[in-house]
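Visitor: I should like to look closely at a single part of this structure. Please guide me through that part step by step, in terms suited to a first-year student.

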Amino acid sequence: MTSVWKTKVLPGLNKIFDKDGKKAASAEFLKSFNKEEIDKEIEDKKTELEPKVVETIEASPPEIKGLIKDKKTSKIKKNSVAVTKFLDDLAKIDFPGAKLVSDAVAKSGTTPLSPAIVFILDKVAPFVPAPKEEPKAEPEDAAPAEETTTREVAVEEKKEEAEPSAAPAEAAAPVEAAAAPAAEEPEKK
C-alpha cells in the first residue's frame, strides 16, 4: 500500500499543486546547493571581493540593507524584486554562489529558495560597512540643558497659576465672613 501511495498518488498530487514544477526544481536545487564549497571560495577571495561587495551594497536600495541585517523569509518575499536584482548584481561581481542562486531564483522564485538566499546574505553581511557616526557630544550636552530650563519654566508657570487661583479664594473668604455677621444681626432683633 505504501509503494502505491508513493508511486501513484503522491506524484499525481504534486502535478496538481505544482503545475509548473517550481517546488520540485527548488527542492532539487537546495539539495545540490553546497554551502561548504561556497564558504571556502568566499574565504579564498575575501580580499578581492570586499571592495566590490561594499560598492554593490552601497548602491543597493535600503530594503536590501535592512534585509542583510534582519534575514526573514517574509521580508525576502515582500522585497522579491529587490532581492532578485541584488543577487544579479552579486553575480555580476562574481560573488561565489550568487550566480547559482540568481539562476535558480529566476526559475523558481524567491520564496522556495529563501534558505539559499539567507545563506548568501549571511556571507555578504561581514562586508557591510559600519555606519558612519559623527561626533554628537556637543548637541547631546546642549539638549539636557534646554530640557532643564524648559522644566524650570514650566514649574514656575504652574506656581504662578496656582497663586492667582488661591488669591481669589482668599478674597472671597473675607466677603463671606462679612456677610455672615450681617445675617446674624437681623435675627437678634
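**Helix α8 and its surroundings**

Guide: D103 is partly exposed, because its relative accessibility is 34%. The structure before you is a predicted model, and every value given here is computed from it. D103 has a charged partner: K99 forms a salt bridge with D103, and their closest N and O atoms are 3.8 Å apart. Both residues belong to helix α8, where they stand 4 residues apart, about one turn of the helix. K99 counts as exposed, because its relative accessibility is 51% and the cut-off for exposed is over 50%.

Other salt bridges lie elsewhere. D70, K72 and K75 are joined into one network by salt bridges that share partners. Within this network, the side chains of K72 and D70 meet at 4.0 Å, N to O. K72 is partly exposed, with a relative accessible area of 42%, and D70 is also partly exposed, at 28%. A search of the whole structure finds 7 salt bridges.

One of these pairs is K123 with D39, whose closest N and O atoms are 2.8 Å apart. K123 lies in helix α9 and D39 in helix α3, so this salt bridge ties together parts that are 84 residues apart in sequence. D39 is partly exposed, with a relative accessible area of 26%.

Helix α9 also contains P115. This proline is partly exposed, because its relative accessible area is 41%, and the range for that class runs between 20% and 50%. P115 and K71 are 44 residues apart in sequence, while their C-alpha atoms are 9.9 Å apart in space.

From the charged pairs we may turn to the nonpolar interior. The largest nonpolar core has 31 residues, and those with the most contacts inside it are F95, V101, I120 and V124. Helix α8 (98-108) and helix α9 (114-124) each supply at least two residues of this core, as do α3 (35-44), α4 (46-59), α5 (62-69) and α7 (80-92). V124 illustrates how such a residue is surrounded: leaving aside residues up to four places away in sequence, V124 touches V53, I57, I68, F86, L90 and F95.

Taken together, helix α8 holds the salt bridge partners K99 and D103 and also supplies at least two residues of the core. Helix α9 likewise supplies at least two core residues, and its K123 is paired with D39 of helix α3.

Conventions: Residues are numbered from 1 along each chain as its sequence is written. This is a predicted model: local features need pLDDT of at least 70, side-chain atom pairs count only at pLDDT 80 or more; totals for chains, interfaces and linings use all residues. Side-chain values use heavy atoms; hydrogens and water are left out. A nonpolar core is a set of buried Ala, Val, Leu, Ile, Met, Phe, Trp, Tyr and Cys residues joined through side-chain atoms within 4.5 Å. Buried means under 20% relative accessible area, exposed over 50%, partly exposed in between (1.4 Å probe, protein chains only). Contact means heavy atoms within 4.5 Å.
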